[in-house]
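Me: Please go through this structure with me, one question at a time. I would like the reasoning before each result.

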Amino acid sequence: MAGDLIPALGIAVASIAFAPIMQAANAGLAIVVESLIGCAIVLAVPAYAPSIAIFIIFFQNLFVSILSSYMTTEQEMDFVKGYNFLVIAVMWLVTLALYALHERKHSAEIDRIMKWGLITLATVTAYFLLGATQDSHAALVYLRNIALPLFLFQLSLLTAATFEIRITPFLVTVAALLIVCGYVELLFRDFWLSITNGYTFWHFDELKASRSGSWEAEMRATGRVPVDLIDRFRFSFLNSPLFEDLGLSSLLRIFGPNMSPISFGYGIAFSILFLFAVGYRWLALAAIPLLICCSVKGALILVIFVALGWTATWLLGATVTLAVALVGLVLYAIAAIYIGLQIGDFHVIGFMGGWDGFRQNPIGRGLGVGGNLSEGYFSIDWNAAQAAGTMDGAVESAVGVLLYQMGIGSLVPLGYFLAMALKAWRLYASSGILIQGLAAFGTMVVLVNGIFQEEALFAPPALGLLLCLTGLVIGHHLRTQGDDRKVSTTDSAPQ
């Protein structure tokens, strides 16, 4: 069972730790081995699959950094970073095949959820094919970004609907590891960079940023010119000019084992909420300073919103809380867009570009067209965009990018994810189990955060992790509901 903590951790580490070395030796061999590992996990220890997926989401880049000396180019480094998607995609594909062959548990409700999920994937694939005719690389990256949360949800749903999974010990351990890594980096930055081989890892990132033009574009947009590596970790609090008058214009952000402050911020936010929900409340409180030092607005809003949702449900009841929460999310979006336009926030301007693009072409243009990966991204005149309050294209906003690239088709994945959140909310409304509330309220607020962050929907520790949890709670409910019905039928049968 996935509750066997040490075997689960051992397999999780083995599944991804040596990918950089295999890549350096032979890329083809690495792809084959990682694919076979994904197949073996689902066939031999299927209940471990969601746990392993969560682990490699958080810790793959730590192993990549430690072994980055084996890499020779930034392109090779980027390729290695994609192995987490490969392993998860293979585990999803094998699980889906077993489901289609009736080797995994079926029920009418699971069939409905899976049917709409596959319709969602087909819609996204159609826009991928349209975009691939214009920019195949960018289209492929956005296909991966949009599909991965769906893969995580369906993998967890089908696994939890078939097997009894005790994932709480594993998630508590992962949360504790994240907290330890965060504090080591916060208090001993040079030591952290040394033991993780961080200087080599970030050198590749600097080469990529310099050659692509993103570094120059960032310096032009922000006016900040980094002198050394530590300078690259300095940001204003919550990455917003609103706090500069408070003397919070230069804080050292924490990047964590993800090597990304936004991904790590969402990971810490999830950890705080999960630890609180399962009773490890002092450990959850200990992680709050890390959340603040990550300086990620979306992650902080996630914690506040879910905590308010839990509290309001206890005080006001589930139905009233849902209504207030939905209205609150709408008001939050409107207020953030208004303030963002007043201060020239790049994320809001990027969203407005996506909205204007949607109005001009409601059908959509195809994945990869007009987003952060488009050719024109590094030549954006941000001063002109700030003055106009919009731009040609959609950047720095996941929802804006989806509207621009998929048009009305973007409502399919966004609507599907919201529907799954509401399904988790119905479970929470009848049970009061905080983890179900986390899955429901967390998914809702991250979808809204996607208006102001590209990473909210596209970084796996954000929407992907919450949908993974949503799949687990829905699958567990459907499995136990089916078991209860079997017991009821057996008890009532003539002896």
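The turns below cover salt bridges, a surface patch and a helix pair in this predicted model.

Me: How far apart are the closest N and O atoms of E109 and R112?

Reply: Both residues lie in helix 7, which spans residues 108-132. They are three residues apart, about one turn of the helix. Their side chains form a salt bridge, and the closest N and O atoms are separated by 2.4 Å.

Me: Is R112 buried, partly exposed or exposed?

Reply: The relative accessibility of R112 is 44%. The partly exposed class lies between the 20% and 50% limits, so R112 counts as partly exposed.

Me: How many residues separate K423 and E109 along the chain?

Reply: The side chains of K423 and E109 meet in a salt bridge, at 2.7 Å from N to O. This pair links distant parts of the chain: K423 is in helix 20 (residues 411-431) and E109 is in helix 7. The separation is 314 residues.

Me: Why does K423 count as buried?

Reply: Buried means a relative accessible area under 20%. K423 counts as buried because its relative accessibility is 16%.

Me: What are the relative accessible areas of R189 and E185?

Reply: The side chains of R189 and E185 meet in a salt bridge, 3.0 Å from N to O. R189 is buried, with a relative accessible area of 9%. E185 is also buried, and its value is 2%.

Me: Which residues are joined into one network by salt bridges that share partners?

Reply: The structure holds four salt bridges. E109 pairs with R112, and E109 also pairs with K423. The network therefore consists of E109, R112 and K423.

Me: Which helix gives the most residues to the nonpolar patch?

Reply: The patch covers about 590 Å² and is made by W314, L315, L316, V320 and V324. Two elements give two or more residues to the patch: helix 15 (297-316) and helix 16 (318-343). The most, three residues, come from helix 15.

Me: Is L316 buried or exposed?

Reply: L316 is found in helix 15. Its relative accessible area is 53%. The exposed class starts over 50%, so L316 is exposed.

Me: How are helix 16 and helix 21 oriented to each other?

Reply: The axes of helix 16 and helix 21 (residues 434-449) come within 10 Å and cross at roughly 15°. Helix 16 passes helix 21 in a right-handed crossing. Angles under 35 degrees count as roughly parallel, so the two helices are roughly parallel.

How values were computed:
Residues numbered from 1 in each chain as written. Predicted model: local features only at pLDDT ≥ 70, side-chain atom pairs only at ≥ 80, totals over all residues. Heavy atoms only, no water. Patch = residues over 30% accessible without salt bridge, like charges linked within 9 Å, V, L, I, M, F, W, Y side chains within 5 Å. Areas by Shrake-Rupley, 256 points an atom, 1.4 Å probe, with all protein chains shown as cover. Helix = DSSP H or I, 4+ residues; strand = E, 2+ residues; numbered from the N terminus. Buried < 20%, exposed > 50% of the residue type's maximum accessible area, 1.4 Å probe, protein only. Axes fitted to C-alpha atoms, helices over the stretch in contact; angles between N-to-C directions. Parallel < 35°, antiparallel > 145°, perpendicular 65-115°, else oblique. Left-handed = near helix turned anticlockwise from the far one by under 90°.
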